[in-house]
Amino acid sequence: MESSFVAQDSKNSRKVRRVKTFTGCWGCRSRKIKCDEATPECSQCQKAGVKCAGYESTLVWILPGQKSYPAGRRRALRYDLTWSRSPSYGSDDIDALIVQCDIPDSEQLAQPSNISKTAGPFTVFPIMAKSKQLHPDIDRAMRLTPTPRLLAEPDDSASYLLHHYTTHIAPNMMPFNDSRNPWQSSYPLLARCGDTAGHKSLYHAILAQAAGNLAHLGVERELNKASNMENYAKSIEYLRVSLSSPHKDFSIALASMLTLVMSEHYNGQPNVWRLHLNGAWDLLRSSQSQKPWLDNDFAWVTTQSLCLLKIKSGSTTQDEQDLISSVAERSDFGFTTGATPELLACIMEINSLHDYIKQNRHMYGMMDDPKSMASTSSNAPSLLVTSPSSSGLQRSSTSGSSGGPLLSASPASSTATYDSSLSSSSVPLGPLFTTIKNLIHRIEQCVLESTEAIVHTHQRIFLLGTLIYAHRQLLNPPPFALFSHLSSLLDCVALYPTLGGGHTALWPVFMAAVEVYLPEHKQQVREWMDRADQIGVASRTDVHQLIKRIWATREQMADDEGIEECEIVLSWSVIMNEMGLDIVLS
């Protein structure tokens with residue numbers, strides 16, 4: 001131990017006071033000798049032939065009443081006094097705040113984020129920093145003051161449902177881990193940090209979604225079914241009160257409606273979810289002039305989620321597309337579904353062209369028949385979908401055609417021939433076909449924005465699904481013409497979980513699944529369906545039944561007509577309607 005001597009004058013004698021310092025190495029301090037503090041090793045330890053213990057502090061926890069601790073250690077501050085001046089938090093308050101904590105820095109994606117570390121009881125957790133773009137309730141909850149007033153303390157069953165929502169449902173609402181996942185952060189926090197009718201509606205909608213999911217997973221099925229119905233009814237009741245208030249919070253009300261959509265999705269009510277979707281869209285349109293999605297990040301992300309559902313649920317009018325385009329001005333539009341803004345814009349354009357062709361069917365021929373795509377009007381543009389007979393193959397047939405020789409070319413060569421026919425054809429290309437061809441080319445050239453392997457792979461899945469969707473909606477070719485896209489997409493789907501990805505978005509994989517005809521591709525789809533079943537979403541079961549019905553129908557028609565499955569063109573939407581289903585492809 002280092003020491004020095006200081007002389008002090010006194011009337012009677014000269015006294016010496018030893019002044020202690022604590023900057024020497026741990027070895028010298030334990031041997032109580034002077035240390036020269038040389039680095040990397042002090043001279044005293046080198047002379048003694050021992051390893052210098054260094055100068056870093058090593059802390060140990062000391063329990064109340066503990067008098068001794070290992071030599072060469074410093075006692076930590078008393079843990080019972082560490083937060084003596086901080087407010088106390090109950091366990092439920094702690095849960096409400098911890099749900100904001102994001103993945104470790106080392107696992108965060110290389111994307112801009114508003115996540116930072118701050119002082120307080122959660123110093124060791126990365127939590128959302130205060131920002132003018134945060135929802136006011138989130139901003140208030142983030143301040144280092146006593147917790148904002150929460151709803152009444154939940155009972156054990158509600159706590160269990162909230163825990164299930166944040167640990168099982170919320171992570172699966174996005175296809176990969178992302179620090180911006182609103183269902184892991186904003187949704188559960190806002191549901192607990194306010195006592196307005198809107199907050200209570202969101203709170204009970206979350207509980208309803210969690211209970212429905214547990215019931216479908218077989219966990220206390222009857223009890224959770226009853227809990228789902230009870231919380232669903234309460235959410236609707238509070239939502240009515242919230243919507244009738246002149247001071248309603250747009251983003252909270254919208255989040256409640258979207259959660260009710262997901263509750264139906266998880267609970268397996270195939271024909272009810274669209275009512276909530278339409279109600280949410282009416283709310284957005286009625287507030288359109290104020291552009292409420294610009295108020296804060298939560299308002300934008302909930303509006304974005306609504307727009308994504310609208311895009312994937314069917315056709316949209318021009319006014320609806322203009323509204324969606326206003327929301328989609330941000331570069332991260334579509335991040336919650338694992339797609340890029342450019343791909344989503346292409347999907348809207350596909351829907352618009354499809355609607356236009358249907359409305360003008362008399363000009364462009366029978367869109368349901370790949371062999372009847374030439375224009376029936378001398379003034380109308382010509383469309384072309386290649387059949388095997390026009391490209392060197394023996395024959396192609398749609399559903400309803402009579403028997404004949406089987407297709408003899410390989411699927412890969414059929415695809416190559418079909419793709420090349422889009423670039424060069426003896427049939428005159430009209431403006432509409434040129435528009436379709438250019439759109440498909442734009443989709444193929446879409447830039448996948450992320451270099452992160454998981455995100456990039458999922459965006460690739462979405463791109464391939466969009467290509468398949470474009471061909472089916474606009475050109476309606478036989479399935480063999482889509483072989484290369486089907487094969488590539490299913491390979492990406494198989495690769496995705498090996499990269500650490502979660503569950504892929506339903507929409508792009510579904511577009512491929514309804515087109516497959518080869519046994520190996522069907523097996524890949526079955527494996528994907530088995531993984532998807534682990535989430536416990538009831539509507540996924542309906543999706544799987546629909547896919548199997550399409551396969552069975554195609555097989556039966558091929559047997560009846562003596563042709564191959566790859567030649568049978570079917571409309572999945574028609575078969576879905578025949579089954580009485582209305583599935584949200586989220």
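Helices here are DSSP runs of H or I with at least four residues, numbered from the N terminus, and I kept to that numbering while going through this predicted model.

**Entry 1, the chain as a whole.** I began with the overall make-up and found 22 helices and 6 strands in the chain. Of the 586 residues, 51% are buried. I then looked up the accessible surface, which comes to about 27,800 Å², with 51% of this belonging to carbon and sulfur atoms. Taking the contacts between residues at least 6 apart in sequence, I noted that 68% of them join residues at least 24 apart.

**Entry 2, Thr 303.** I turned next to Thr 303, which lies in helix α11, and I read its relative accessibility as 0%, so Thr 303 counts as buried. Leaving out residues up to four places away in sequence, I listed what Thr 303 touches: Phe 250, Leu 254, Leu 284, Trp 293 and Val 327.

**Entry 3, helix α12.** Val 327 led me to helix α12, residues 318-327, where the buried residues are Glu 320, Gln 321, Leu 323, Ile 324 and Val 327. Looking down the axis of α12, I found that these buried residues fall within an arc of 160°, so they line one face of the helix. An α-helix has 3.6 residues a turn, so residues three or four places apart point the same way. On the other side of α12 I noted Gln 318 and Asp 319, which are exposed. I also checked what the buried face meets, and the buried residues of α12 pack against α10 (273-286), α11 (297-312) and α13 (341-359).

**Entry 4, the nonpolar core.** The largest nonpolar core holds 125 residues, and I noted that Tyr 187, Phe 333, Ile 443, Phe 510, Val 525 and Ile 547 touch the most other members. Helix α17, residues 453-475, gives the most to this core, with 12 residues. I followed Phe 510 further and, setting aside neighbours within four places in sequence, found Phe 510 in contact with Val 543, Leu 546, Ile 547, Trp 572 and Leu 585.

**Entry 5, cysteines.** Last, I searched for disulfides, and the count comes to 0. I looked at Cys 35 in particular: the closest cysteine sulfur, that of Cys 28, is 3.8 Å from the sulfur of Cys 35, whereas a disulfide needs the two sulfur atoms within 2.5 Å, so this pair is too far for a bond. Cys 35 is buried, with a relative accessible area of 4%, and I recorded that Cys 307 also counts as buried, at 0% relative accessibility.

Definitions and conventions: Residues are numbered from 1 along each chain as its sequence is written. This is a predicted model: local features need pLDDT of at least 70, side-chain atom pairs count only at pLDDT 80 or more; totals for chains, interfaces and linings use all residues. Side-chain values use heavy atoms; hydrogens and water are left out. A nonpolar core is a set of buried Ala, Val, Leu, Ile, Met, Phe, Trp, Tyr and Cys residues joined through side-chain atoms within 4.5 Å. Buried means under 20% relative accessible area, exposed over 50%, partly exposed in between (1.4 Å probe, protein chains only). Contact means heavy atoms within 4.5 Å. Accessible areas come from the Shrake-Rupley method with a 1.4 Å probe; for residues, only the protein chains shown count as cover. The arc is that of the directions from the helix axis to the C-beta atoms.
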